[in-house]
Amino acid sequence: MKKEIHTKREGFSSSIGVIAAVLGSAVGLGNIWKFPYVTGANGGAAFILVYLLCVALVGLPVMLSEHLIGRHTKANAVGAFKALQPRRPWLLVGGAGVLSAFLIMAFYTTVAGWIYAYIFKAAGGALISAKPEDTFGVFNSLISGVGEPLFWQWLVLLVIGTIIMAGVTKGIERVTKLLMPLLFILLLVIDIRSLTLPGAGEGLAFLFKPDFSKITFSVVLAALGLAFFKLSVGMGAMITYGSYVDKNENLPKMAIKVALADTLVSLMAGIAIFPAVFALGFEPNQGAKLLFVIIPAVFNSMPFGRVFMVLFFMLTAVAATGAMLSLLEVPIAYLTEQYRWTRRKATLLTILAIGLLGSTATLSNSVFANVIVFGKTFFDLFDFTTSNILLPVGGIFVALFVGWQWGYAKVKREMSNEGRLKNDGLVRIYMFLVKFIVPIAIVIVLLAGLNLINPIISFFKDISI
Ligand code: TRP
């Protein structure tokens with residue numbers, strides 16, 4: 001077997017490149033597809049407020065933690081924990097991350113496949129109708145097919161596999177740097193159209209006028225899970241990307257910038273969708289199909305709609321692809337560094353495994369529609385267990401690791417670039433968050449959101465009797 005010798009580790013080549021890649025990981029289907037539909041399903045503005053709190057108090061500190069760990073150790077998710085704590089079970093946290101990457105990719109490639117398909121449907125004229133009932137028909141027939149959605153999913157896998165094989169700098173960095181700004185501009189155009197539809201005001205109120213009676217613990221858990229998913233944290237993707245970051249980069253500043261930009265894109269996607277939902281007389285709680293049904297209808301109500309529609313789905317495909325690269329890079333970095341596999345072998349086998357697992361998600365609306373595990377189809381199961389369980393649990397351990405295991409002095413050195421940055425106050429706030437707020441908040445939200453508090457209380461009552 002040919003072994004690759006890792007003498008010089010590849011890395012991102014510039015500050016802009018780093019931001020583009022990290023933002024490229026964060027921005028994806030999470031913003032354009034998931035954020036709007038989860039917001040719609042959970043009642044709108046109040047959910048968004050909870051979400052913002054989750055990003056600021058939990059997601060952001062965990063992201064910074066992962067960047068610090070990654071840059072310090074220059075290693076993959078498992079290798080990083082091993083390097084810092086060789087004899088302790090912390091590396092299991094990295095291992096769980098590698099597993100999460102597979103599960104997320106399994107359903108993410110399904111949705112990315114739908115997006116790829118929509119580029120062609122839009123170009124071919126299949127989506128020309130301002131009536132959401134018609135676009136719904138197109139979407140329904142796509143997702144309940146067998147060969148068609150599988151074809152698109154495997155095409156997605158082929159595309160990301162090819163880019164990943166090209167390597168970190170040439171592959172990941174180049175693609176994301178080029179196309180992110182374009183997506184932003186196009187979202188702005190759609191926002192303007194959506195906001196100027198007659199009756200758009202109701203959608204804005206839905207987005208920005210909170211009604212707190214809608215907030216329950218399972219809604220808070222959904223917000224927390226979305227925050228993790230959105231920022232790509234809780235499974236080592238940001239450890240892996242952090243490992244490619246230069247030692248002079250200002251990590252806290254970068255994390256804050258990325259979280260702000262990412263949130264802005266999500267809100268812009270919300271503004272693109274909800275005013276239109278209400279203007280066209282639809283319900284906001286349509287679930288996963290929201291984007292695929294409403295967005296074509298918006299485009300069809302504007303001049304050159306078809307051209308814009310094709311462009312929109314192309315850019316969404318690019319955003320999804322950039323995000324998937326970071327997911328895929330987690331197992332690839334792990335396999336090439338820990339087992340010395342070649343990049344090629346690691347990529348091919350990983351893609352194959354994801355394809356097989358992911359096919360079950362893609363077929364959840366057809367062949368496996370009646371296979372229900374823990375009350376969910378494969379698609380929903382992968383989605384729910386990763387966002388709402390595995391990522392937050394990963395976040396607890398990352399925070400505990402930095403806060404209690406790695407320790408203040410070492411964290412301060414890494415965060416201040418060996419004392420070259422004067423950010424003492426920031427280090428202190430950050431340490432307080434990861435030591436106390438992050439783990440406690442996640443534990444409470446998880447237990448309450450999964451309805452585990454009462455069973456646990458009665459369990460202890462039973463014991464003490
Ligand atoms: N953040 C991406 C999105 O919003 C998805 C994603 C990419 C992700 N890498 C990740 C989610 C790592 C969790 C962990 O679409």
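Select Thr362 to begin, a residue of helix 15, which spans residues 343-362, and display whatever surrounds its side chain and backbone. Once residues up to four places away in sequence are set aside, Thr362 touches Thr110, Ile143, Pro149, Leu150 and Gln153. The model on screen is a predicted one, and the computed relative accessibility of Thr362 is 1%, so that this residue counts as buried, the cut-off being under 20%.

Stay with buried positions and select Glu329, which is placed in helix 14. Is Glu329 buried or exposed? Its relative accessible area is 0%, and Glu329 is therefore buried. If you now add Arg343 to the selection, you can draw the polar contact of 2.8 Å that joins the side chains of Glu329 and Arg343.

Next, select residues 77-84, which form helix 4, and colour them by accessibility: 6 of the 8 residues in this helix are buried, which leaves helix 4 mostly covered. Which residues of helix 4 are the buried ones? They are Ala77, Val78, Gly79, Ala80, Phe81 and Leu84. To see what lies over them, show helix 3 (45-73), helix 5 (91-124), helix 11 (237-242), helix 14 (305-338) and helix 16 (378-406), which are included in the cover of these buried residues. Then go to the start of helix 4 and select Asn76 together with Val78, where a side-chain oxygen of Asn76 reaches to within 3.0 Å of the backbone nitrogen of Val78.

Just ahead of this helix, select Lys74, whose place is in the loop between helix 3 and helix 4. Its phi is near 50 degrees, a positive value in a residue other than glycine. Most residues other than glycine have a negative phi. With a relative accessible area of 38%, Lys74 is partly exposed.

A second positive phi can be found by selecting Ser232, which sits in the loop between helix 10 (217-231) and helix 11. What is the phi of Ser232 near? The value is near 60 degrees, and again the residue is one other than glycine. Ser232 has a relative accessible area of 12% and is buried.

The next two stops are pairs of helices. For the first pair, select helix 1 (residues 15-26) and helix 12 (residues 251-279), whose axes are 10 Å apart and which pack at an angle of about 45 degrees. Why are helix 1 and helix 12 called oblique to each other? An angle of about 45 degrees is neither under 35 degrees, where helices count as roughly parallel, nor within the 65 to 115 range of roughly perpendicular ones, so the pair is oblique. The crossing of helix 1 and helix 12 is right-handed. To display the contact itself, pick Val18, Ile19, Val22, Leu23 and Ala26 from helix 1, and Met254, Lys257, Val258, Ala261 and Asp262 from helix 12, which meet one another here. By class, the residues of this contact divide into 8 nonpolar, no polar and 2 charged.

For the second pair, select helix 6 (residues 132-143) and helix 13 (residues 290-300), whose axes come within 8 Å and cross at roughly 135 degrees. Helix 6 and helix 13 are therefore oblique to each other, and their crossing is right-handed. In this contact Pro132, Thr135, Phe136 and Phe139 of helix 6 meet Phe292, Val293, Pro296 and Ala297 of helix 13. The contact of helix 6 with helix 13 holds 7 nonpolar residues, 1 polar residue and no charged ones.

Now move to Tyr408, which lies in helix 17 (residues 408-415) and which, at 33% relative accessibility, counts as partly exposed. Leaving aside neighbours within four places in sequence, show Asp424, Val427, Arg428 and Met431, with which Tyr408 is in contact. A distance label from the C-alpha of Tyr408 to that of Lys422 will read 15 Å, for a separation of 14 residues in sequence.

The last selection is Leu452, found in the loop between helix 18 (424-449) and helix 19 (453-464). Leu452 counts as partly exposed, at 34% relative accessibility. Add Thr162 and join the two C-alpha atoms: Leu452 and Thr162 are 290 residues apart along the chain, and their C-alpha atoms are separated by 43 Å.

Notes: Residues are numbered from 1 along each chain as its sequence is written. This is a predicted model: local features need pLDDT of at least 70, side-chain atom pairs count only at pLDDT 80 or more; totals for chains, interfaces and linings use all residues. Side-chain values use heavy atoms; hydrogens and water are left out. Buried means under 20% relative accessible area, exposed over 50%, partly exposed in between (1.4 Å probe, protein chains only). Helices (H or I, at least four residues) and strands (E, at least two) are DSSP runs, numbered from the N terminus. Contact means heavy atoms within 4.5 Å. A polar contact is a pair of N or O atoms within 3.5 Å; within protein, one must be able to donate a hydrogen and the other to accept it, and residues adjacent in sequence count only if both atoms are side-chain atoms. Axes are lines fitted to C-alpha atoms, for helices over the stretch in contact, and angles run from 0 to 180 degrees between N-to-C directions. Angles under 35 degrees count as roughly parallel, over 145 as roughly antiparallel, 65 to 115 as roughly perpendicular and the rest as oblique. A crossing is left-handed if the near helix is turned anticlockwise from the far one by less than a right angle, and right-handed if clockwise. Ala, Val, Leu, Ile, Met, Phe, Trp, Tyr, Cys and Pro count as nonpolar, Asp, Glu, Lys and Arg as charged, and the others, Gly among them, as polar.
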